[in-house]
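Thanks for making the time this morning. I would like to take you through one model, slowly, with the criteria stated as we go.

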Amino acid sequence: MIMNYLTKLVRTLPACWVGVMTLPAADLVEIQPITDSILALHFSEAKTTPDDFGLPHRIFSVHPLPDAASAPESYVLEARDGTQQAPMKVNRKSKPMHFTADLSRPAHALDHWIYLEFATPLVDGERYVLSLPGIADNVESRAWVFDSGQRRTEVLHVNQLGYVPEAGIKSAYLYHWAGDRGPIDYSAYEGRPFHLVNQSDGSIAFSGEVAFRADQAVENQRASVNPGGLYGSPVWECDFSEFQIAGDTEYRVVVPGLGCSFPFVVDPDVYRSAFVTTLRGLYHHRSGPARGLPYSTMEKPEDHIPGQD
């Protein structure tokens with residue numbers, strides 16, 4: 001509300017005043033590769049304070065992303081050799097990502113993903129500087145290395161808990177919906193290699209080829225809600241089902257010239273922590289018997305016992 005008021009106020013001021021005024025803008029959170037020619041800039045409008053657990057609790061201000069964020073001329077990407085290029089196309093995806101129960105403050109704030117498409121593909125291992133003056137509150141430019149072996153991309157989806165060795169299917173899925181741009185076409189990556197890379201030493205444990213899996217309009221149980229498919233995008237896969245070496249080693253799926261996934265493990269006991277956490281949640285949230293040692297460090301008296309209370 002305050003930011004809307006300030007924005008309206010600025011529009012009523014003389015042009016000579018506006019020229020020397022700067023309203024706070026959203027922060028640039030990170031830059032991620034979507035393809036070798038499309039970058040996603042993640043912006044957050046929210047300024048938050050943490051709660052007792054260190055999690056965002058109160059949104060104390062909202063800094064909108066300026067309209068200029070959608071203009072190609074707002075950005076310049078410079079390579080190490082001094083070569084510069086502006087994006088030939090800009091798209092946006094926005095969604096509420098921050099919420100608060102404090103009714104005296106903004107109830108929610110948006111995050112934005114600005115997609116910049118460049119005519120000249122990025123070179124793997126190259127260092128770039130992206131200039132975006134006046135777009136973000138926290139930076140005017142950011143140095144960035146396109147290293148597909150180390151640079152995580154959200155377009156590669158894996159089970160972040162991990163996989164059991166004997167699982168019939170172990171795959172990373174490649175897809176992305178880019179807001180008003182729609183689905184990203186990864187057909188150019190079909191047949192290209194992918195690698196299962198040891199997180200600690202960079203060695204390759206398994207290799208395969210990216211393959212097409214399903215069209216976005218494939219029949220699904222939510223077709224009545226989302227007839228375009230669950231993901232709004234065709235899906236490609238990196239199938240490493242043949243890999244069955246168990247252990248506590250962390251791996252990433254890497255597609256050269258694109259990026260890598262979150263790390264994960266392949267281990268027969270990989271789901272134990274999730275199983276135990278889920279059961280502990282059910283145990284502590286149910287009414288009835290008393291809680292305490294040796295099963296819990298949380299003391300709670302019995303309640304809702306038939307015939308007693």
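I will begin with the basis of the model, then turn to its largest core and its cavity.

This is a predicted model, in which local features need pLDDT of at least 70 and side-chain atom pairs count only at pLDDT 80 or more, while totals for chains, interfaces and linings use all residues. Residues are numbered from 1 along each chain as its sequence is written, and side-chain values use heavy atoms, with hydrogens and water left out.

The largest nonpolar core, meaning buried Ala, Val, Leu, Ile, Met, Phe, Trp, Tyr and Cys residues joined through side-chain atoms within 4.5 Å, where buried is under 20% relative accessible area with a 1.4 Å probe and protein chains only, has 29 residues. Leu-174, Tyr-186, Val-253 and Phe-264 have the most contacts inside that core, and strand S17 (250-255) gives the most to it, with 3 residues; strands here are DSSP E runs of at least two residues, numbered from the N terminus. A second, separate core has 24 residues, among them Leu-28 and Phe-43.

What, then, lines the largest cavity? A cavity is a set of points on a 1 Å grid over the protein atoms alone where a 1.4 Å probe fits but cannot get out, and lining residues have an atom within 4 Å of a point. The structure holds 1 cavity of 30 Å³ or more, with about 40 Å³ of space in the largest, the volume being the space filled by probe spheres set on the points. Its lining consists of Glu-30, Gln-32, Ile-34, Ala-40, His-42, Trp-113 and Glu-154.

Notes
Buried means under 20% relative accessible area, exposed over 50%, partly exposed in between (1.4 Å probe, protein chains only). Helices (H or I, at least four residues) and strands (E, at least two) are DSSP runs, numbered from the N terminus. On a 1 Å grid over the protein atoms alone, a cavity is a set of points where a 1.4 Å probe fits but cannot get out, and a pocket is an open set with protein on both sides within 12 Å along at least five of seven lines; lining residues have an atom within 4 Å of a point.
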